[in-house]
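Reader: I would like to learn how to read the features of a model like this one. Please show it first.

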Amino acid sequence: MTVTNQSVLKVAGMGVSYGGVQAISRFDFEVKQGEFVAVLGPSGCGKSSMLNVISGLLEPTRGEVTVNGRPLYGEGRQDPKLGYVFQNHRLLPWRTVKQNLELALASSDVPRERWDRNIDEMLRTLHISQFKDAWPLQLSGGQRQRVSIARAILVEPSYILMDEPLSTLDEVTARSLREELSAISRRTGTTIMFVTHSIREAVYLADRIIILTRGPSNVFEDYSVPIEKPRDYDDPRIGEVERDIINRVKGVWGMKRTERTEDH
Amino acid sequence: MKSDDNWAMRAIDRNLHWSLAAVALLIPVWWLAFRTTTFIADPLVVAQALPEFLANPETWSNIGITLGRVAIGLGCGVLAGTLAALAMNRNRLLEQVLRVYVISTLRTPSAISAILALAIFKGDEIGYVFVVAIVTFPFMTIGLVDGLKSADRELDKMARIYHFGIVRHVRHVLLPYIAPFIFSSLRNAHALAWKVIVVAEIFGAARTGFGAKFDHAWEYMLMVEVHLWLLVFMALVLFVEYGVLRVIERYVFRWRDRAAS
């Protein structure tokens with residue numbers, strides 16, 4: 001699968017304020033069909049607010065968000081069909097793996113007759129077939145996060161948002177999941193927006209990296225990763241790009257500004 | 001993975017050992033009390049009278065009447081408590097208003113609730129049901145409000161993102177989450193329901209029901225009968241607790257057991 005020119009998600013002039021304190025100053029970016037976009041920013045730069053806005057949960061103070069050309073808020077709004085992988089898996093512990101996946105599918109447009117086949121295939125792809133009838137508490141952190149990824153993909157969303165999904169895992173597990181994520185995104189062509197603190201992770205996974213400033217944040221740079229896919233995590237070029245990005249953001253992330261605006 | 005085996009039987013088995021041991025421990029205590037006091041009946045005599053007592057259809061009809069009053073009253077209390085808790089969780093004004101009623105009923109002595117209800121309903125059958133409902137409702141409300149307030153907001157967020165809708169959200173996310181609070185409140189309410197129904201049946205001069213028969217036996221100093229009714233009462237309360245509530249609880253929380261195994 002390749003990236004197309006069709007815009008899935010478009011954010012124009014988006015700003016968010018809480019009680020007079022600005023969290024996001026202004027975001028403008030676009031995500032194309034099949035793209036893997038990473039979002040990098042320092043702590044407190046408004047990444048959570050951004051995710052809430054583009055998942056349809058928080059109306060921005062200003063600006064527009066459109067999904068497949070239709071507004072996410074205001075007149076003519078549509079609920080986004082999206083998958084979400086949380087930092088913590090957010091599986092329901094009282095439902096088995098399969099039941100968790102079925103519950104998400106029951107609320108999606110995927111026809112019932114395809115559920116079993118799709119679930120089996122996805123669990124096989126993520127190497128967790130044997131845990132289909134297990135309870136989430138019986139799984140390791142990495143296995144739970146795999147189920148969470150499976151849930152996000154199975155609902156056949158317009159795009160998937162991933163909020164630092166590998167940050168709580170040990171490095172070995174995280175590394176293996178990164179490889180699987182990269183392979184799945186290439187094979188399924190799912191549009192993914194991946195928030196992370198790890199520059200190397202962003203460089204390894206993403207076609208493009210949206211780099212944010214400190215809060216109240218702006219888009220500092222829209223950075224295209226100049227390495228063809230598939231990539232090797234130990235490729236020295238990844239280290240070079242990582243260093244390049246560090247040099248670019250060093251000054252910006254070191255600064256701290258505070259601004260006050262009108263109430264949200 | 002383990003397939004679903006007979007969870008109900010395992011639950012009963014696990015409970016039964018200790019429960020029987022606890023009951024058995026009461027026998028020597030009872031015997032000592034019989035030897036050292038005036039009004040305690042001989043456990044042996046009570047045991048001999050038990051088969052005939054249980055074979056009497058009147059015994060079961062009186063148990064059934066009290067059980068019915070408890071079940072309907074508790075059902076109404078649970079319903080009222082659930083509705084009040086949902087209202088209190090949704091609206092701050094309603095919370096302030098309803099909290100007054102909840103605290104008032106919670107702090108009112110059960111005996112006073114029983115007398116008032118029976119006076120209002122003039123000893124009618126509905127009075128007994130009302131007493132149980134009014135006494136159990138605040139326990140359900142308080143427990144459920146605590147549960148609703150502690151509901152996992154991140155799971156709510158997940159449910160909204162995946163468009164679960166209100167029915168799936170309540171059934172698959174909210175209810176299982178607050179289930180421990182429901183069971184805890186239900187257990188307290190159930191225990192209180194049995195206590196208060198006996199008081200109500202005695203104060204209300206009921207002609208039927210456990211309390212009425214107990215009171216009658218006590219009035220005429222039929223001590224063996226008093227003990228028989230007490231035994232039946234204990235057996236009934238323990239059966240509902242271990243044979244019904246705990247079995248349901250174990251089924252609802254079976255995912256915890258499996259995860260721990």
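Reader: What percentage of the residues of chain B count as buried?

Author: A residue is buried if 20 or more other C-beta atoms, placed from the backbone, lie within 10 Å of its own. In chain B, 28% of the 261 residues meet that criterion. This is a predicted model, in which local features need pLDDT of at least 70, side-chain atom pairs count only at pLDDT 80 or more, and totals for chains, interfaces and linings use all residues. Residues are numbered from 1 along each chain as its sequence is written, with chains lettered from A in the order in which they are written.

Reader: How many helices and strands are there in chain B?

Author: Helices (H or I, at least four residues) and strands (E, at least two) are DSSP runs, numbered from the N terminus. Chain B has 11 helices and zero strands.

Reader: How do I read a helix pair, and at what angle do the axes of H5(B) and H8(B) cross?

Author: Two packed helices are described by the angle between their axes and the distance between the axes. Axes are lines fitted to C-alpha atoms, for helices over the stretch in contact, and angles run from 0 to 180 degrees between N-to-C directions. The axes of H5(B), residues 110-120, and H8(B) cross at roughly 50° and come within 9 Å.

Reader: Which residues of H5(B) make the contact?

Author: Contact requires C-beta atoms, placed from the backbone, within 7 Å. H5(B) contributes B:Ser110, B:Ala111, B:Ala114, B:Ile115 and B:Leu118. Among their partners on H8(B) are B:Leu192 and B:Phe203.

Key:
A residue is buried if 20 or more other C-beta atoms lie within 10 Å of its own, exposed if 12 or fewer, and partly exposed in between; C-beta atoms are placed from the backbone. Two residues are in contact if their C-beta atoms, placed from the backbone, lie within 7 Å.
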